[in-house]
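Colleague: Could you pick one part of this model and take a close look at it with me? I would like to know how it is held by its surroundings, and then how the rest fits around it.

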Amino acid sequence: MIRNGYTYKVLENEILKLEKKYKFIEKIIIGNSVEGRNLYTLKFGRGKRKVFICGGIHACEWITSPILLRWLSEICRLYISNDSAYGRSVVELFNKTTVHILPMVNPDGIELQINGLSAYDPRYSKLLKINNYNTDFSKWKSNINGVDINRNFDAGWQEAKEIERSIKIKGPYLHTYGGSYPESEPETQALTSYTRQEDFDLILAYHTQGQEIYWDYGGIYIEGARELGEELARASGYSLTNPDENSSYAGYKDWFIKEFKKPGYTIECGLGVNPLPISQFNQIYYRNFELILIAAWGE
């Protein structure tokens, strides 16, 4: 299924299967990518607590998309069998929390990273130039406009631009370029709009790699955020820490913490060089199943 890459078409097929099997799953299209692909969010639960989880933000980190869908599939199975996970009733979880999962934030970039660039693509010349005239797009992180979605949020965006300039990035690029202004990209706009609409209690943003959890932004104090982060770290075996200076600004987690003063976490799963090999899938999944469950459950 995902040996050669988890494409947008595979995602749609998997969502269709989930919808048919579990009628209580609600599918919402929260927006569209640059090239018009749907940004699908799936909702599990009917509770007052609202948790949002997203993956597939960076193109070469697409392994996070099937990780999130597998978690959803397993939690649905446990729900209909009236079962528990790590001592927590999934029926109780369903009644106390609504979990929103957006598995693929950057479908255009993922398509490019997996399938490469067709000579018939109307963006062929532009994208080839952005990629340093290299036909290998396996390291591509950005969306199809050459904007790094996770540097396109209004939280330290100017600081992120200074970092760009220091490493000689002056425009659209395969990574790091944060756009011409915050929320310039439709994918970013969809995320911020939906987040404002739903007013989530907590968010998780999935990336690779490093086996780390980033929990802080700008030293903003959020009651219980560190303690919950420590629980997430215990469950996964990941380190609770902060990113280096080059990755400290303009991300979705940063923006969420700044705007809502609620817990937000970036999960850097897996270990190695992106794109991570699919052989790491099971290990990543098992390390993150309880982590997501704890985040969804809350206190």
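Modeller: Happy to! One cut-off comes first: a residue counts as buried when its relative accessible area is under 20%, as exposed when that area is over 50%, and as partly exposed in between. By that rule Lys253, with a relative accessible area of 4%, is buried. Please keep in mind that this is a predicted model.

The part I would choose is strand E6, residues 97-102. All 6 of its 6 residues are buried, so the strand is largely enclosed by the rest of the structure. In general, the side chains of a regular strand alternate between the two faces of the sheet. In E6 both faces are covered: Thr97, Val99 and Ile101 are buried on one side, and Thr98, His100 and Leu102 are buried on the other.

Now for the strands that pair with E6. As a reminder, strands of a sheet pair through backbone hydrogen bonds, in a parallel or an antiparallel sense. Strand E2, residues 38-44, is antiparallel to E6, and 3 bridges connect them. In this pairing, Leu42 has Ile101 of E6 as its bridge partner. Strand E3, residues 49-54, runs parallel to E6 and is joined to it by 6 bridges. Here Val51 is the bridge partner of Val99 in E6.

Stepping back, E6 is part of an open sheet of 8 strands, ordered E1-E2-E6-E3-E7-E10-E8-E9, and the pairing is mixed. At the edges stand strand E1 (26-32) and strand E9 (239-241); each has a single partner strand, so one side of each is left without a neighbour in the sheet. On average, neighbouring strands of this sheet are turned by 20° against each other, direction ignored. One more contact point along our strand is Thr97, which has Arg49 standing opposite. Helix H7 packs on the sheet and touches E1, E2, E3 and E6, with a direction at about 130° to that of E1.

A second helix, H10, also involves E6: H10 lies across E3, E6, E7, strand E8 (212-214) and E10, and runs at about 165° to E7. H10 (residues 281-297) has a helix partner too, namely H2 (residues 64-80); the two axes come within 10 Å and cross at roughly 55°. H2 and H10 are therefore oblique to each other, and the crossing is right-handed. On the H2 side, the residues that meet H10 include Trp71, Ile75 and Leu78, while the H10 residues they meet as a group include Tyr285, Phe289 and Leu293. Charged and polar residues take part as well, among them Arg70 and Glu74 of H2 and Asn282 of H10.

Beyond the sheet pairing and helix packing, there are charged pairs to consider. Side chains of opposite charge can pair when their charged atoms come close. The whole structure contains 16 salt bridges. One of them joins the side chains of Asp199 and Lys262, at 2.9 Å from N to O. This pair links distant parts of the chain, 63 residues apart: Asp199 is in the loop between helix H7 (186-198) and strand E7 (202-208), and Lys262 is in the loop between helix H9 (252-260) and strand E10 (264-269). The partners sit in different classes of accessibility: Asp199 is partly exposed at 40%, whereas Lys262 is buried at 19%.

Lys253, which I mentioned at the start, pairs with Asp254 in a salt bridge of 3.0 Å, N to O. Asp254 is buried as well, at 4% relative accessibility. Elsewhere, salt bridges with shared partners join Glu35, Arg37, Asp108 and Arg123 into one network. Within that group, the side chains of Glu35 and Arg37 meet at 2.9 Å, N to O, and Glu35 is partly exposed at 33% relative accessibility.

Finally, a loop residue for comparison. Thr176 is in the loop between H6 and H7, and at 12% relative accessibility it counts as buried. Leaving aside neighbours within four places in sequence, Thr176 is in contact with Asp148, Arg151, Glu164, Ile167 and Ile169. To return to where we began, E6 is buried along its 6 residues, with E2 and E3 as paired strands and H7 and H10 packed against it.

Key. Residues numbered from 1 in each chain as written. Predicted model: local features only at pLDDT ≥ 70, side-chain atom pairs only at ≥ 80, totals over all residues. Heavy atoms only, no water. Buried < 20%, exposed > 50% of the residue type's maximum accessible area, 1.4 Å probe, protein only. Helix = DSSP H or I, 4+ residues; strand = E, 2+ residues; numbered from the N terminus. Pairing = 2+ DSSP bridges. Salt bridge = Lys/Arg side-chain N within 4 Å of Asp/Glu carboxyl O. Axes fitted to C-alpha atoms, helices over the stretch in contact; angles between N-to-C directions. Parallel < 35°, antiparallel > 145°, perpendicular 65-115°, else oblique. Left-handed = near helix turned anticlockwise from the far one by under 90°. Contact = heavy atoms within 4.5 Å.
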